[in-house]
Amino acid sequence: MKKMHLNLANCYGISNITQVLDFTIDNAVVLYAPNGTMKTSLANTFKDLSLDRLPSDRVYGLPTICEIKDETNNLIDKDAILVISPFEQTLTKEQGKLMADPILQQRYITLHANLIETKQNLFNNIKQQLNYSLRTKFDPEQSISEDFKKPVRDIYETLKLINDEIDIGKKSSFLISDINHSVLFDPQSLAFYKKDNNAKLIKQYSEKYEELLNQSKFLHKGIFDHKNFSNVAKNLKENGFFKAEHQVIIKPKEKDDSFPTITSEEQLNKLLEKEKEKILNDAEIKKIFDKITSEIDANKGTKELDVYLQSKPELIIELENIEEFKKKIWIEVFRDNISEFKKLIELYDKTFEKIKEIYLEAKNQETRWGQVLTIFKERFHVPFKLEPSNQEDVILQNKMPIFNYIFEDKNNGARQIKENELLDILSTGEKRAYYLLDLIYKVEILRKEDKPALLILDDIADSFDYKNKYAIIEYINDIKNTFSLSGNKLFTIIILTHNFDFYRTLGSRLVNGRNCYISSETEDSIKLTPCNYIKNYFSYIKDQCLINSKTFIIAAIPFVRNLIEYTYSDTDPEITDYHRLTNLLHIKEDTYTISMNELQYIYNKYWLNNGGAFATEIKDSVVNIIVSEANKISSDPNLYNQVNIENKIVLSIAIRLKAEEYMMEQIKSHVTNGVNIIKEIQDNINQTGQLYSKYKQYVSNFSNNHCRHLEKVVMMTPENIHMNSFMYEPILDMQGVHLAELLATINCLE
């Protein structure tokens, strides 16, 4: 993108802005926005566009205009916008792209494809057998792993354990066709089993059941109970046993000649039902069963369980050890699908060694993901390090990246902690450095894919210490100078900040003074003004003074005053000139007598060194020029709404002089020894504050109460007047309209 045409209205806090950003000058734009101007609103606007939604006016619901076009008058591509906001970390699956080795992935996919298909077909059958539809979220793979206390990634090893159980273990007494998995293991059902009273009832039921089973003439617990009997009857029928006129002889536990030889399926079922009824219809066991179902019925969440166990009371004995029951079900369901299950195990064994080799190669492979962590570690100073813990899964199975967080202390060594613990420990600046990982990840993905993008970086270095602040500037510079395969700059960058020190550093180091803007708010729009403050602001003031700019001549008073103060001591004769300039910032006895001629002399002596004139009104009083310039600025919105330092300094000086003048007049008028009070204040420091204190004490009760206006003077003007190179930000953050309104108010005080 060569140019960006912004046409926005009612986009969050942006009332209206029409602006062209020229990326042919530089592929980065640096924008300083005082608090509350537009920074967050602009970032949110780009965020909405990237998500294919229209920004809005959240407060008044005013109609929104949002047109951001390139030099060809086409809307910018939403997919090419990347917004990085402060304190925002969104670890996404996209970050796995940094680890993806296409060759390894293809080898893995080829080996794994048949294995996955075979496993999926088997698990789909199992879902249906356990009374789940294929559309449900139930995941057999996840459930098996949880029930056998194994990681999901080791599913094949878990299946091999199940295979061993099938080969050597005895078949359970229940039928899979009788199992309704979702009802038995519903969270509320599981909670029901674990309650003390319910667990006791289930145990009593199991013990009574075992007792009755032992009393049976031919059923044996764990060997041949009524369920095994049912299986035999079912299998004999399916295999045409009785149709072939075969017979079954039942051998009782004790000699009993009354047992007939079974010659039909009907006889066999009748014998079974009779023995089953003896157990399940026993008065004591029925009493326990009724207690259990009564407890179940009392809970609304277990109604289905009640209905289910009424039809399958024999399953209650399995509920005594629910964890083992879960495992038994999996063993039996795979036993029911033994052919497909064995096929899967055999297929896995064939490919296991090759897959193992690929995993080891993936684990040891150096990828861009590792490079990201290296970039972070080498550039940023934080008391922790990050290590990948599942690189092979990310490469081969497209899993989400997972970190190990290692906190390091020079006195106590290194300790692995959780991410939330880490964030609780870190300072604000260190947290912001941590969240920069999101920027590094996303940028490295774009680099990897050679994908041009518009990067919106929203106050990403706020609260950084100086080491990390310069580190992020260096990294942004690397991004800025990234070229695509076609030889063009890969990224277009807009950097938003409300930290003026960071803004100046970016302006000088990143874009060499070009494409630097400061935003200001008028009554109905926002303007972006090229900035003159990136390099030496005082050289700029000097140049303006020498071309007779009265605004700059006045604005330079605090600077030259500070220059003398820092250069000479209180005993040097030159300090007299320091006091003369001080007398232009406070009302003193000689304030009104200081002329532009004397001001020019002091400037030439300590700063300009040109020996020539800089003002046309050479004999006029400096105070008159101050008041005249301030009134001109305060009456013109185009002047007081400009984002500049000099206009605000002139307004601030005039406001304070006029306020002191008013308070002195009032004190003289209303206080008997007012002249002496004023004289004493003028001989001390903090003159404005002391005058205000005396005004409140002696005057405000019997004259028009203007305390709230004068208090604004005391609060708003000092930082703007006592200016040095570190005082830019408070001056720029203060809106000029507030100073213009305050001056108009002070001028009207009576």
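Here is a walk through this structure, from the whole chain down to a few of its parts.

What you have is a predicted model, in which local features need pLDDT of at least 70 and side-chain atom pairs count only at pLDDT 80 or more, while totals for chains, interfaces and linings use all residues. Residues are numbered from 1 along each chain as its sequence is written, and side-chain values use heavy atoms, with hydrogens and water left out.

Let's start with the overall view. The chain has 33 helices and 14 strands; these are DSSP runs numbered from the N terminus, with helices being H or I of at least four residues and strands E of at least two. Of its 750 residues, 51% count as buried, that is, under 20% relative accessible area with a 1.4 Å probe, protein chains only. Look at contacts (heavy atoms within 4.5 Å) between residues at least 6 apart in sequence, and 70% of them join residues at least 24 apart.

Now go to the beginning of the chain. An open sheet of 3 strands runs in the order β2-β1-β4, with antiparallel pairing; two strands pair if DSSP finds at least two bridges between them. β2 (14-22) and β4 (65-69) stand at the edges with a single partner strand each, so one side of each is left without a neighbour in the sheet. β1 (residues 3-11) is joined to β4 by 5 bridges, and one residue pair to look for is histidine 5 with its bridge partner in β4, lysine 69. Helix α1 (residues 39-50) packs on this sheet, touching β1, β2 and β4, and its direction makes about 105° with that of β1. For such angles, axes are lines fitted to C-alpha atoms, for helices over the stretch in contact, and the angles run from 0 to 180 degrees between N-to-C directions.

Next comes strand β3 (residues 28-32), where 5 of 5 residues are buried. Ala28, Val30 and Tyr32 point one way, while Val29 and Leu31 point the other way. β3 runs parallel to β12 (residues 491-497), joined by 5 bridges, and β3 also pairs with β13 in the parallel sense over 3 bridges. Valine 30 has partners in both: isoleucine 495 stands opposite in β12, and cysteine 516 is its bridge partner in β13.

β13 (516-521) also leads us to the largest cavity, where it supplies part of the lining. In fact, β13 gives the most to that lining, with 3 residues.

How values were computed
Buried means under 20% relative accessible area, exposed over 50%, partly exposed in between (1.4 Å probe, protein chains only).
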